[in-house]
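Okay, everyone, let me pull this one up on the screen. I'll talk you through it, and you can rotate it on your own laptops as we go.

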Amino acid sequence: MSSSKQKGTKAPKKSPAHKKVSAKQKKSSLKEKSSETAITSMLHESRVFNPPKALAKNALIGSEQQYKKMWNESVKNPDKFWGKQAKENLEWIKPFKKVLNWKPPYAKWFEDGKLNVSVNCLDRHCRSERRNKAALIWEGEPGDSRVLTYNDLLREVSKCANALRALGVKAGNRVAIYMPMIPEITIAMLACTRIGAMHTVIFGGFSSEALADRCNDSQSSVIITADGGYRKGSSVPLKKNVDMALEKTTSVKNVIVVKRTGENVSMKQNRDHWWHDLVNPQSGICEPYAADSEHPLFLLYTSGSTGKPKGILHTTGGYLLGATVSYKYVFDLKETDTYWCTADAGWVTGHSYIVYGPLSNGATTVMYEGAPNYPDWGRIWSIIEKHHVSILYTAPTAIRACIRAGNEWPKKYNLKSLRLLGSVGEPINPEAWIWYQEVIGEKRCPIVDTWWQTETGGMMITPIPGAIPQIPGSATRPFFGIDAEIVDKNGKPVPQGAGGFLVIKKPWPSMLRTIWGDDERFKAAYWSQVPGVYFTGDGARQDKKGNFWIMGRIDDVLNVSGHRLSTMEIESALVSYDIVAEAAVVGRPDDLKGEGIVCFVTLKSGTKPSPEIKEKLSKHVVGQIGALARPDEIRFADALPKTRSGKIMRRLLRDIAAGKQSTQDTTTLEDFSVLASLRQDED
Ligand code: WT7
């Protein structure tokens with residue numbers, strides 16, 4: 001059976017704002033080859049949203065033509081392009097002469113230049129009319145709030161930097177940060193950069209075990225933490241976790257503790273210091289360290305599909321340039337914007353787009369401490385109304401949770417201040433995209449669906465809002481300097497429209513430099529699958545217009561009767577059905593087909609699971625994708641197991657689907673009761 005015969009699908013819930021592509025275009029997008037190495041792509045989306053005229057008129061990049069011209073220059077002559085961007089957007093203590101030194105897979109950017117990240121994020125704005133502008137607007141979960149101007153932030157960062165120096169922290173040393181989402185997390189990160197120390201932020205939801213592993217791997221000498229952090233009205237015992245972790249580490253000599261919840265904690269003499277005792281009395285002036293551009297900036301641990309977490313290393317000049325320039329163009333930043341990214345600072349999104357990108361650009365960044373549904377599902381929208389947020393950057397999983405909670409929540413609040421929306425973290429299914437556009441953006445706001453990774457440091461594939469038409473489900477075009485291609489396992493480009501492996505062919509400034517302490521793993525994971533190019537690990541296809549459609553991790557591909565199907569496309573088909581809130585699709589061994597398709601489905605509140613619904617869903621998937629994708633089993637679940645960053649834990653679902661007791665690591669699972677109930681649900 002040829003998979004190229006699939007029919008284009010009509011989404012059941014259509015938006016009147018969409019513009020259809022011509023029949024001819026549609027036909028050509030269906031010409032797909034299914035080869036041994038390619039991934040069969042069968043989802044088709046025909047709605048196109050052009051940049052709003054008013055936005056384009058005042059945009060930094062206001063036409064597709066301008067984007068194309070700049071992109072062409074950026075990949076034809078990267079030295080010239082990035083040299084100019086680095087001069088215009090960053091302040092250098094010692095100007096660079098050389099832009100790039102590329103000895104694959106090792107890149108050095110601006111290697112003879114020197115700069116300081118905190119000076120770029122703070123001092124230079126304090127010398128300008130931005131001095132008293134809000135740098136950080138913070139909202140605590142219980143409802144308390146703080147605003148720090150650029151001047152305030154510089155003073156607090158300097159004090160913290162002096163405190164770290166007083167503890168003996170030197171340039172190149174590692175400082176672990178294990179904190180709730182409070183202003184001190186930003187202060188601590190910037191304080192490290194001020195003195196050239198590397199930070200490694202460990203997400204506050206991680207266990208003491210995970211914390212100990214990361215401290216040991218990075219050989220951190222200091223941990224900055226808090227007594228506890230608020231989450232859904234109760235407290236996460238951070239200091240207690242630190243105490244347990246320290247029983248398993250030897251490198252940590254000092255702990256700095258912010259008093260946040262006021263809960264009882266034990267303080268060990270000579271090791272543990274209250275922030276208010278140690279940091280507050282320090283001088284508010286701190287001489288910045290002049291870092292080489294390639295000086296290590298931070299480590300951030302990310303899980304691989306196997307083995308221990310990888311410590312992704314980013315360095316100073318290139319990373320900061322990538323975060324700064326992508327933030328500016330992709331959010332088409334205006335001086336008056338109030339920007340809110342809902343990620344946790346413990347993930348790369350928080351690093352690049354809560355802290356470094358916004359502050360380097362002199363923007364106002366909002367930070368929220370707690371859960372999105374505390375005290376109710378109106379919290380996100382109330383924060384937007386309260387602070388007049390103009391740009392919202394969030395994740396598809398959060399969007400789907402809001403859809404599930406119901407439209408009455410956003411409808412209660414005034415969202416008129418919003419002008420631009422962003423999405424990151426996983427493919428956004430078209431139905432969630434349309435909901436985001438209609439209910440939150442009130443059909444007024446463009447959506448930037450930004451594809452990137454911890455390893456890439458900054459956005460790689462994304463629409464530029466004033467220039468590139470958006471298509472629900474597609475991250476559209478490569479960012480400046482990004483030379484992306486879809487290839488088969490031999491590195492050969494696949495025919496246009498066919499699925500394959502997404503690779504990046506040229507180095508870019510914010511790329512990872514290595515895996516901490518493991519150059520061999522760095523080479524094996526990213527530079528060996530397809531020689532000479534960066535291997536992203538994602539499947540994707542490219543349409544005729546050059547738009548990229550990310551199909552998810554290659555590990556998330558099913559092989560059904562010899563066809564490689566993207567689980568994400570089947571999920572997207574399920575979620576396009578009215579009553580479905582969320583879906584996860586995994587494979588299970590099948591003697592006949594190689595792999596069978598198992599769907600875990602969460603229904604919207606108010607709908608009861610039934611065999612009839614199973615039947616309808618199955619038919620719907622067949623209608624949307626084809627008989628090849630007919631589910632072998634559909635299971636209903638109240639919730640799906642997710643990591644704390646919101647990614648569905650497919651490896652766990654795979655075990656459940658295969659009827660195995662899971663041996664997988666569940667330290668990052670958000671809610672253990674979910675697992676128990678999924679098991680119970682076995683027919
Ligand atoms: C993986 C990277 C990027 C910061 C947060 C996640 C998936 C991310 C998108 C998107 C489709 C996406 C990819 C990627 N992903 N953004 N817009 N569309 N997929 O960082 O934890 O390093 O994960 O997330 O699979 O490889 P990360």
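How many of the residues of strand β22 are buried? The answer is 5 of its 5, so to speak the full strand, residues 500-504. Before I go on, a word of caution: this is a predicted model.

Let's stay with β22 for a moment and look at its partners. On one hand there's β21, which pairs with β22 in the antiparallel sense over 4 bridges. If you want a residue pair to click on, take E485, whose bridge partner in β22 is V503. On the other hand there's β24, residues 534-542, and β22 pairs with that strand over 4 bridges, again in the antiparallel sense. There, G500 stands opposite A540 in β24.

Okay, zooming out to the whole chain. We have 683 residues, and 63% of them count as buried. The secondary structure comes to 21 helices and 30 strands. For contacts with a separation of 6 or more, 71% are between residues 24 or more positions apart. And for anyone thinking about surface, the chain exposes about 26000 Å², with carbon and sulfur atoms supplying 50% of that.

Next, the sheet with β14 in it. This is an open sheet of 8 strands with mixed pairing, and the order reads β12-β11-β8-β6-β7-β14-β15-β23. At the edges you find β12, residues 272-274, and β23, residues 514-515; each has a single partner strand, so one side of each is left without a neighbour in the sheet.

Moving inward, find β6, residues 174-178, and β8, residues 222-226. These two pair in the parallel sense over 4 bridges. V175 has V222 as its bridge partner in β8.

Then there's β14 itself, residues 296-302. Here 6 of the 7 residues are buried, so the strand is largely enclosed by the rest of the structure. β14 pairs with β7, residues 198-201, in the parallel sense over 2 bridges, and H199 is the residue that stands opposite F298 in β14. With β15, residues 310-315, β14 pairs in the antiparallel sense over 6 bridges. A pair to look at there is L299, opposite L313 in β15. So that's your mixed pairing, with a parallel neighbour in β7 and an antiparallel one in β15.

Now a helix. Have a look at α14, residues 396-405. Of its 10 residues, 7 are buried, so this helix is largely enclosed by the rest of the structure. The buried ones are P396, T397, I399, R400, C402, I403 and A405. Right after α14 comes G406, which has a positive phi, near 110 degrees.

Alright, the part I guess you've been waiting for: the ligand. There are 16 residues around the ligand, and D449, T450, T454, D538 and R553 come nearest. By type, that shell splits into 6 nonpolar, 5 polar and 5 charged. Which elements supply at least two residues of the shell each? Those are α12, residues 348-360, then β20, and β25, residues 548-553.

For polar contacts, I've got three to show you. A nitrogen atom of the ligand is 3.1 Å from a polar backbone atom of G425. Q453 has a polar side-chain atom 2.9 Å from an oxygen atom of the ligand. And R553 has an N or O atom in its side chain 2.8 Å from an oxygen atom of the ligand. As for cover, the ligand has 550 Å² of accessible area on its own, and the protein covers 89% of it.

Last stop is S474. Where does S474 sit in the chain? In the loop between β20, residues 447-450, and β21, residues 484-487. And is S474 buried or exposed? Buried, because the relative accessible area is 2%, and the cut-off for buried is under 20%.

The side chain of S474 has two polar contacts to backbone atoms that I'd like you to see. One goes to the backbone nitrogen of T476, at 2.9 Å. The other goes to the backbone oxygen of F548, at 2.7 Å. Leaving out residues up to four places away in sequence, S474 touches D449, N547, F548 and W549. You'll remember D449 from a minute ago, since D449 is among the residues that come nearest to the ligand.

That's my tour, so let's open it up.

Terms used
Residues numbered from 1 in each chain as written. Predicted model: local features only at pLDDT ≥ 70, side-chain atom pairs only at ≥ 80, totals over all residues. Heavy atoms only, no water. Buried < 20%, exposed > 50% of the residue type's maximum accessible area, 1.4 Å probe, protein only. Polar contact = N/O pair within 3.5 Å; in protein donor to acceptor, adjacent residues only side chain to side chain. Contact = heavy atoms within 4.5 Å. Near = heavy atom within 4 Å. Areas by Shrake-Rupley, 256 points an atom, 1.4 Å probe, with all protein chains shown as cover. Nonpolar A, V, L, I, M, F, W, Y, C, P; charged D, E, K, R; others polar. Pairing = 2+ DSSP bridges.
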